[in-house]
Amino acid sequence: MSAGKTGLKAEDRKAIGITLGNSNSSIAYLKEDNVEVIANEDGDRQIPTVLSYVDGDEYYGQQAKAFLVRQPKQTVAYFRDFLGKEFKDIDPTHNHASVHPEDANGAVSFTLKEKAEEDAAPSTLSVSEITSRYLRRLVTAASDYRGEKVTSAVITVPTNFSEKQKSALVEAAAAADLEVLQMISEPVSAILAYNAKPEVANVDKIVVVADLGGTRSDVAVVAQRGGLYTILATEHDYEFAGYALDKVLIDHFAKEFIKKHSIDPREDARSLAKLKLEAEQTKKALSLGNNASFSIESLAQGIDFQSTINRLRYETVGRTVLGGFTRLVESVIKKAGLDPLDVDEVILSGGTSHTPRIAHNLRAIFPESTSILAPSTSANAINPSELAVRGAALQASLIEGREAEEIEQATHPAVTTVPHLTNAIGVVSLGTDGEEIFTPIIAPETSVPARRTVRFDAPQQGGDVLIKIAEGNTHIKVIKPEPKVKSTNATVEDAKDSDDDSEDEDSEEEEEEKREKVWKVGSTLAEAAVRGTKSGAKVEVTIIIGADLSVKVECREVGGKGGVRGTI
Amino acid sequence: MTATITISRALPALPQGWEAEKDFKKVGKISGTTERTIEPVGPLFLSHAERLIHKRTFSEHDR
Ligand SMILES: Nc1ncnc2c1ncn2[C@@H]1O[C@H](COP(=O)(O)OP(=O)(O)OP(=O)(O)O)[C@@H](O)[C@H]1O
Ligand SMILES: [Mg+2]
């Protein structure tokens with residue numbers, strides 16, 4: 001999967017992380033242990049994935065995106081997903097307002113005039129060629145920034161990028177003189193960015209990554225176990241994404257314009273292109289503030305347009321689209337066979353994740369214990385637009401000093417595809433009332449081999465201790481509330497409250513049922529005795545699962561000698 | 001080396017008459033697994049890969 005065929009020596013590499021999106025791309029590298037997301041010569045860290053040829057000059061990024069208004073037939077946009085695909089398999093929905101993809105001998109291609117001369121023949125450029133040229137611009141920007149030539153990269157790709165698409169990307173990069181060290185999946189890259197602090201890297205948790213982009217939304221449920229990441233389920237959606245929110249604003253303001261001038265600006269291609277660019281700006285402003293302006297010079301038939309919108313209005317007109325993201329997240333959790341109560345962390349990644357309403361809606365479907373990592377719900381959130389590229393930069397620095405064969409060997413299915421435990425493995429301990437409680441030591445969905453160590457209190461008075469190793473699993477306990485006796489002498493205030501706000505009452509009713517995750521002890525695997533513990537002692541239990549599913553148990557009193565060992 | 005977690009819960013006392021050779025009793029087996037793919041990223045994955053490729057145990061790898 002990794003290329004590494006450039007004959008480059010490991011020590012001569014200069015590697016960066018790259019995200020190549022349909023809408024935006026980013027570049028980053030590790031500088032003195034910190035990830036630096038690189039601003040290109042225009043000062044952009046989110047660089048539009050757009051390439052444009054105007055008067056014989058090549059433009060990329062923000063400058064090329066601006067040409068969507070005046071030079072749409074010379075501007076190529078939204079092409080990443082076409083790499084490695086046949087023409088009949090692509091969805092050109094987003095290419096209506098730029099160069100249309102066409103079939104040139106089976107290759108998805110774009111025809112435009114590269115040269116300035118009036119009579120110059122148009123060129124037909126394959127999507128690989130376009131990608132290659134675009135990557136070259138990214139690499140040049142990164143090299144200029146670092147002041148040394150960048151040779152290699154870790155590039156992020158969606159989880160449903162096929163092998164064919166991956167090879168096409170490697171080839172396109174090679175043509176741009178860029179070695180692809182590794183392609184890593186976008187959601188896991190976002191997790192890496194959050195786990196850059198070593199102390200958080202090793203906590204076992206279930207993470208949902210919602211990567212909400214411009215033309216697609218990709219959600220993944222990931223089990224993080226002992227610093228290893230396994231994707232349990234994914235969902236890809238092409239309906240609920242940033243463009244749909246742009247459209248909400250386009251339609252809203254177009255209607256306003258029609259009311260005033262009886263002209264529908266959406267019917268003219270150039271007016272529509274202007275609407276789209278301004279709608280995106282307004283949408284971004286609404287992520288930060290409560291009000292945003294919308295103004296376009298000469299929107300249609302020479303008429304200027306100026307208006308404003310507040311966040312509440314936006315969230316009202318965009319309600320259906322905004323709600324779609326929540327349902328998407330719910331569906332993938334279900335697909336993984338999990339419940340929102342099983343989710344420890346939700347990482348909101350991708351540009352659209354800046355939208356406060358999306359994060360707030362998600363907050364509402366998870367228990368309080370779940371962290372929702374988005375700018376509007378967490379002070380510790382990392383810029384969602386930078387997450388994937390930060391992870392890629394970390395991975396690039398991790399492996400840039402390794403030989404290509406070594407990377408290839410480590411990413412081989414013989415190393416990556418292994419059994420994962422269905423049930424947790426743990427120890428039967430005592431609750432506050434002396435009842436048996438299952439305490440998981442190795443979580444479900446942990447890959448083998450695995451090793452974990454846990455310390456428990458010995459019985460208060462000391463003495464001989466039973467270590468019962470068992471499997472365990474969770475179920476959701478629904479606690480129905482005691483039927484509320486409506487007090488007959490309800491205060492006047494109460495009555496007024498419920499009259500006022502029937503919605504409040506609804507939510508109160510919903511809250512009455514409590515759902516809780518509880519562990520259930522399953523079948524016993526082994527029993528062991530640790531004898532003669534001192535009063536107040538601690539007992540340490542280590543469980544090691546072998547690749548052959550053997551279970552090795554080691555128990556001992558902390559600070560004590562010897563201990564008990566056994567293997568199942 | 002993975003970190004040791006301390007759980008503030010007590011273990012039960014050994015029941016009267018419990019006995020086993022070397023104080024260890026096998027009872028059952030792991031009941032189920034699913035074949036899944038670990039994402040080849042992050043520092044701890046590299047340790048995992050090294051252990052597998054060189055057929056090292058955890059404690060051999062720690063040394
Ligand atoms: N502050 C913001 N508030 C709301 N939306 C934003 C904000 N910043 C960027 N976006 C939106 O995020 C989307 C781009 O997301 P991202 O940069 O993750 O692109 P991408 O991964 O290339 O997208 P895709 O491949 O899905 O087209 C655009 O629709 C953009 O308008
Ligand atoms: Mg994306």
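Which residue of β11(A) does Ile16(A) stand opposite? Ala153(A). Keep that pair in mind; I'll come back to the strand around it. One caution before the tour: this is a predicted model.

Let's start with that strand. β1 of chain A covers residues 15-20. Six of its six residues are buried. In a regular strand, side chains alternate between the two faces of the sheet. Here Ala15(A), Gly17(A) and Thr19(A) point one way. Ile16(A), Ile18(A) and Leu20(A) point the other way. Both sets are buried.

Now its partners. β1(A) runs parallel to β11(A), and five bridges join them. The Ile16(A) and Ala153(A) pair belongs here. β1(A) also pairs with β2(A), this time antiparallel, over four bridges. Thr19(A) has Ser26(A) as its bridge partner in β2(A). With three residues between them, β1(A) and β2(A) make a hairpin.

Next, the ligand. How many residues surround ligand 1? The count is 22. The closest are Gly21(A), Asn22(A), Gly213(A), Gly242(A) and Gly351(A). By character, the shell divides into two nonpolar, 16 polar and four charged residues. A word on that split: Gly is counted among the polar residues. Keep this in mind when you read the polar figure.

Which element gives the largest share of the shell? That is α7(A), with four residues. Helices α6 (242-261) and α7 (269-288) of chain A each supply at least two.

So much for the shell; on to α6(A) itself. This helix has 20 residues. From first C-alpha to last, α6(A) reaches 28 Å, close to the 28 Å expected at 1.5 Å a residue. Its buried residues include Gly242(A), Tyr243(A), Ala244(A), Leu245(A) and Asp246(A). Further along, His252(A), Phe253(A) and Phe257(A) are among the buried ones too. What do the buried residues of α6(A) pack against? In chain A, the list is α7, β16 (291-300), β17 (303-310), α8 (311-317) and α9 (319-335). Note that Gly242(A) appears twice in this talk: among the closest residues to ligand 1, and among the buried residues of α6(A). After the helix comes Ser262(A), with a positive phi near 55 degrees.

A second helix, for reference. α3 of chain A spans residues 163-175, 13 residues in total. α3(A) reaches 18 Å, close to the 18 Å expected. Its buried residues are Ala168(A), Leu169(A), Val170(A), Ala172(A) and Ala173(A). What covers them includes α2 (127-146), β11 (152-157) and β12 (179-185) of chain A. So β11(A) turns up again: it is part of that cover, and it pairs with β1(A). Just after α3(A), Asp177(A) takes a positive phi of about 70 degrees.

That brings me to backbone oddities. Most residues other than glycine have a negative phi, and most peptide bonds are trans. Here are some exceptions.

Asp33(A) has a positive phi of about 70 degrees and is not a glycine. Where does Asp33(A) lie? In the loop between β2 (24-31) and β3 (34-37) of chain A. Asp33(A) is exposed, because just 7 other C-beta atoms lie within 10 Å, and the cut-off for exposed is 12 or fewer.

Asn105(A) is another case, with phi near 50 degrees. Its loop runs between β8 (102-104) and β9 (107-112) of chain A. Buried or exposed, with 8 C-beta neighbours inside 10 Å? Asn105(A) counts as exposed.

Then the peptide bond. A cis bond joins Val448(A) and Pro449(A), with omega about -5 degrees. Pro449(A) sits in the loop between β22 (436-442) and β23 (450-457) of chain A.

Last, chain B. It has two helices and three strands. From the N terminus, the order is β-β-β-α-α. The radius of gyration of chain B is 18 Å, well over the 11 Å that the globule rule gives for 63 residues, so chain B is more spread out than a compact globule. Along its principal axes, the C-alpha trace of chain B spans about 50 × 25 × 25 Å. Of its 63 residues, 17% count as buried.

That's the tour. Happy to take questions.

Notes: Residues are numbered from 1 along each chain as its sequence is written. Chains are lettered from A and ligands numbered from 1 in the order in which they are written. This is a predicted model: local features need pLDDT of at least 70, side-chain atom pairs count only at pLDDT 80 or more; totals for chains, interfaces and linings use all residues. A residue is near a molecule or strand if its C-beta atom, placed from the backbone, lies within 6 Å of it. The radius of gyration is taken over C-alpha atoms; the globule rule is 2.2 Å times the number of residues to the power 0.38. A residue is buried if 20 or more other C-beta atoms lie within 10 Å of its own, exposed if 12 or fewer, and partly exposed in between; C-beta atoms are placed from the backbone. The expected span of a helix is 1.5 Å times one less than its number of residues. Two residues are in contact if their C-beta atoms, placed from the backbone, lie within 7 Å. Two strands pair if DSSP finds at least two bridges between them.
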